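Please open the model in a viewer and keep the selection tool at hand. The tour proceeds from a helix pair to enclosed spaces.

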Amino acid sequence: MKTLLFAALWLTLSMTCSAQGPWKEGAFKTGRYRNLLVEMGYKPADVDAKVREVFHDVFYGPDKVYFEVGDSLAYISDIKNHDVRTEGMSYGMMIAVQFDKKDIFDRLWRWSKRYMQHKNGNREGYFAWSCKTDGTRNAQGAASDGELYYITALLFASNRWGNQTGIDYKAEAQHILSSIQPREYQVEQPGPWGGDRRGTMYLIDPATKLITFTPDGFGQRFTDPSYHIPAFYEVWAKWADDGRSDYWKECAEKSREFLHKAINEKTGLNADNCQYDGSEMQMPRFPGRPQQQQATTPRRFGNNNFRYDSWRVPMNMALDYEWSCADREWQQKYGETIQKFFYSQGIDSYVDQYRVDGTLPEGDEILQAGGFRKLRHSVGLAATLAAASVMCSHDISKEFVNALWNARHEPAEDGYFDAYYEGLLRLFAFMHLSGNYRIITP
């Protein structure tokens with residue numbers, strides 16, 4: 001009896017120890033997900049309650065960003081900017097499918113399809129990135145990360161709910177996948193790069209196989225590191241059934257290689273925008289603009305700095321690590337590097353924008369938000385840095401998780417409050433840390 005008891009205790013201890021620290025295989029292979037919060041000592045019931053609370057804050061609380069319209073539609077609004085963005089709509093769909101909230105998912109998709117998706121013309125299949133809350137478009141062009149999330153969320157919906165419940169999710173995903181392939185188009189209105197001309201529109205740059213900043217003549221010239229989520233391409237390769245499985249796998253590998261080049265080895269920081277080779281952003285040249293002004297534009301306006309878009313990179317890296325673990329050693333090093341940098345700035349006092357070398361931006365380099373141009377200690381960044389802890393084995397990773405757990409998401413003293421972007425990132429982070437951001441298989 002003692003021998004059996006000892007064996008049982010040893011097995012329990014071994015299983016517990018094996019759960020500590022980063023894993024060596026991803027969920028695509030194992031089907032397993034870490035609940036880092038429970039590993040750290042938080043009670044399972046408290047973790048479940050926390051996740052429900054943060055979900056409620058985003059979708060139903062007094063500062064919610066989700067709004068239902070009639071019997072079948074809903075939108076997620078960037079409250080501080082008074083609009084609806086493909087970023088938030090596709091994020092909301094991903095969250096809804098993860099939590100098995102079919103009604104929320106379908107409402108957001110119907111609103112997106114009705115008001116945002118182009119039905120014909122040059123941009124057929126793409127989505128207008130910003131609309132007013134009544135559906136009127138603020139812009140016609142797409143932001144590439146929206147399409148990235150729409151496709152992946154739709155494929156997960158197909159896997160979870162099938163395609164016979166009113167929406168053929170897989171067909172909708174395949175339509176977008178077909179639409180984002182290179183196509184010839186005629187510029188509808190003269191842009192800053194010149195007059196009417198023909199061009200080729202694509203979501204993924206054909207030469208580098210990297211995602212564009214925007215699929216148009218301007219944004220196809222560079223990329224945004226926060227748009228790089230290699231594991232999403234692996235989802236497409238497995239379940240899109242679009243005949244491009246090998247291509248999507250290659251896109252995943254190219255994206256991982258790009259991130260190695262785009263991230264500063266000493267700080268772990270990356271610029272908001274980059275050249276396809278990972279080097280500092282050089283803005284496309286505009287006719288008639290002085291050469292000196294063109295050369296200094298990225299530094300002057302902060303395009304080469306770590307700021308709002310850049311916050312997402314640690315969390316995106318954590319997702320690729322959790323799901324694929326294909327770049328394990330480098331991602332673990334990255335996670336610890338970026339956490340060490342922010343820890344050196346003070347766990348409760350680091351700010352939300354830096355130059356990539358770790359120095360502070362000044363003047364116009366500081367990107368304003370909600371009418372404020374100010375460096376802050378932001379919950380959104382605290383969320384993504386905490387999510388990076390799934391990759392880390394150093395002790396300070398626990399402090400980032402505890403800091404997020406204890407952080408209050410509420411208006412600042414000067415009135416600034418971002419319920420939308422920071423609220424969504426906060427929810428995603430708790431999904432990661434609780435093992436609730438999963439690959440949804442058929």
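Angles under 35 degrees count as roughly parallel, over 145 as roughly antiparallel, 65 to 115 as roughly perpendicular and the rest as oblique. This is a predicted model, in which local features need pLDDT of at least 70 and side-chain atom pairs pLDDT 80 or more, while totals for chains, interfaces and linings use all residues. Residues are numbered from 1 along each chain as its sequence is written, and side-chain values use heavy atoms, without hydrogens and water.

**Helix pair**

Select residues 144-161, helix 7, and residues 230-239, helix 9; their axes come within 10 Å and cross at roughly 45° (helices are DSSP runs of H or I, at least four residues, numbered from the N terminus; axes are lines fitted to C-alpha atoms over the stretch in contact, with angles from 0 to 180 degrees between N-to-C directions). The two helices are therefore oblique to each other.

Next, display the side chains in contact (heavy atoms within 4.5 Å). Helix 7 contributes residues including Leu148, Tyr149 and Phe156, and helix 9 residues including Phe232 and Trp236. This contact comprises ten nonpolar, two polar and no charged residues (Ala, Val, Leu, Ile, Met, Phe, Trp, Tyr, Cys and Pro count as nonpolar, Asp, Glu, Lys and Arg as charged, and the others, Gly among them, as polar).

**Second largest cavity**

Keep Tyr149 selected and add Ile229, Met315, Asn316, Leu319, Phe428, His432 and Tyr437: these residues line the second largest cavity (on a 1 Å grid over the protein atoms alone, a set of points where a 1.4 Å probe fits but cannot get out; lining residues have an atom within 4 Å of a point). Helix 12 (312-323) supplies the largest share of this lining, three residues.

Notes:
1 Å grid on protein atoms, 1.4 Å probe; cavity = no way out; pocket = protein on both sides within 12 Å on 5 of 7 lines; lining within 4 Å.
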